[in-house]
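User: I am new to this structure. Please show it to me, and then I will ask how the labels are earned.

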Amino acid sequence: MISYILRKIVSTIPTLFGVTFLVFILFNIAGGDPALRIAGKYATAERIAEIRHQHGWDQSLPLQYTHFLKEIVTFDYGTSDVTHQPVRDMILGGIGPSLSLTVPAFFLTTLIAIVIGLLVAYFRGRWVDKVVVIGCVLGMSIPMLAYILFGQYFFAYRLGWFPIHGFEMGFPEQLYSVALPVIIWVMVSLGYDVRFYRTAVLEETNQDYVRTARAKGLAEPRVFLKHVLKNSMAPIITNVVIEIPLLIMGAFLLESFFGIPGIGGITIDALNNSDFQVLKAMTVLQSFLLIFGNTMTDVLYVWVDPRVKLS
Amino acid sequence: MKELTAADEANLIEFAVPEGRSLMQDGLRRLKKDKLAIACIGIVIFYALVAILAKLGVIATPWDVKVAGSYSPPSFQSLPLIFGTDNFGYSVFYKVIQGARVSMSVGLVSCMISTPIGITLGALAGYFGGWIDEVVVWLFTTLSSVPSIMLLIAIVFVLGKGLGAIYFALGITAWVSLCRVIRGEFMKHKTRDYVLAAESVGASHFSRVFKHILPNVSHFVIIDVSIQFMSAIKAEVILSFLGIGVQGQPSWGVMIDDAKLELSRGAWWQLAAATMAMFFIVLAFNILGDALRDALDPKLKGHA
């Protein structure tokens, strides 16, 4: 098992390099001269040269790449050209607000989705199941932006139940300012998640061991709770775990709309202000978290489901 | 006993030796029975027709002229006013149609770029294995390790905003899922008897890959395209909404972006129109994707 985990970790190294390479090509080569972008249209040649020198863009490409790798390893992405703050401080400062939105939203969604998914899987083929499945497809097809805009308009602006914009730290205020974004998150994700968990459970109900359990006379609830549920835990757990590292990154649109100063909001601001350094750091960071989540899932999968071969 | 007529005999023979049906024909027969799926195909064709007609300049043109006062609510007085007007007094109905043109073109062009890449790389990796496989797997693992919206934002950001960058960004990133599936299928198929038989009569690698195996896995391409098309539409709306997508012409994303400030003035119709237009096409693709999977992937028959 330990050697398997080690092998999994080692196998992420090419991917990690691939991502840094991809981001480097995108930001430092494909986009043309980033100094021109930062300096703006009316910059003098000296100013451009100065920016280039500041960021080390007057060095050779391999040197620039090693510098970029050093930035990643030391978690020091320099200073933002827009906010003039260290990028690291911006990221660290955004984690708290992001988590205060994503953690409750994620666990609420997962809990509700698993409960509904299990219930409709149990009542498969009956009207409850059909209604929920139709509801899921309808819910999935409504654009996320519509949920956010209409939600903000009705619940915050018209009814005044929630704040329209803004974020306050501290215990009750914080809950109040993330309440509506959390509700919207749950609404947006429920369709996908319920469908996923329902399918995960249903896939097990077609297995031979279920037929055997029924054949030996077990009552349906017992078959479901004791056999089906246990075996469908593997896909359910992996689906949950893969999401967890990404919670740090927050939610772009929700944070941006509700003025939550989390990582997602910072990223959208960076995009609007062409904040090169921040966007680059965010892309690398998000990718690394995703790779981390994937690796954790692979490991967990083996741990939860001993049938999976350790190869 | 009655004499058999020639027609009866023909019937009998047909009954005795049923005509062979290919995987696709089989799938199509199943699909035709699925009324909901047919309705969804109808919706997609309708959107495509609207997009083509708008492209040809037959309908909804010119969209950038004043048809009524600023923020006129929807009315049935004339067709352009049916969804009201925006702050310039332009027809929201025309803008929705122009937005459909953008969305359908984004879906089409990005799939035309990503599908050949996915098929070729997946086929090569799955069929030849070895270092080719390792390179392809590394390539798509790397691409799929960057969260897709972040990757799209990064590509469009560095290439410069606009429709061209969106086509390219979506096309160059959307091949991963198809490539994965095709690679897996080729790995399974390359040692099947029919491929070995083709090899034994001297079929080249090229012929085995494209003439023998590919038709047997082509249904996965259709399923994947139906999903990628929808993802492309959704991605375009988000990118245009963020201001790095379509410039200077209406798109559902741009309309939703405009509408976010209009809501507080009570002008809900631009947001509603763009959202509804998007809802129906996404819904159609969602249902169609499921129906295609049920109809074309025989292994999943009877599931769900």
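User: What makes the crossing of H8(A) and H12(B) left-handed or right-handed?

Analyst: H8(A) passes H12(B) in a left-handed crossing. The term applies if the near helix is turned anticlockwise from the far one by less than a right angle; clockwise would be right-handed. The contact joins Ala146(A), Leu149(A) and Phe150(A) of H8(A) to Leu271(B), Ala272(B) and Thr275(B) of H12(B). Contact here means heavy atoms within 4.5 Å.

User: How many residues of this contact are nonpolar, polar and charged?

Analyst: Five are nonpolar, one is polar and none is charged. Ala, Val, Leu, Ile, Met, Phe, Trp, Tyr, Cys and Pro count as nonpolar, Asp, Glu, Lys and Arg as charged, and the others, Gly among them, as polar.

User: Why are H8(A) and H12(B) called roughly antiparallel?

Analyst: The axes of H8 (residues 144-158) of chain A and H12 (residues 269-296) of chain B cross at roughly 150° and come within 10 Å. Angles under 35 degrees count as roughly parallel, over 145 as roughly antiparallel, 65 to 115 as roughly perpendicular and the rest as oblique. H8(A) and H12(B) are therefore roughly antiparallel.

User: Is this model predicted or not, and how are residues and chains labelled?

Analyst: The model is predicted; local features need pLDDT of at least 70, side-chain atom pairs count only at pLDDT 80 or more, and totals for chains, interfaces and linings use all residues. Residues are numbered from 1 along each chain, chains are lettered from A, and side-chain values use heavy atoms.

User: What is the mean pLDDT of chain B?

Analyst: The mean is 86, and 91% of the residues of chain B reach 70 or more. pLDDT is the predictor's confidence in each residue, from 0 to 100. Among the elements of chain B, H1(B) has the lowest mean, 58, and H4(B) the highest, 94. The complex gets an ipTM of 0.84 and a pTM of 0.86 from the predictor.

Conventions
Axes fitted to C-alpha atoms, helices over the stretch in contact; angles between N-to-C directions. Helix = DSSP H or I, 4+ residues; strand = E, 2+ residues; numbered from the N terminus.
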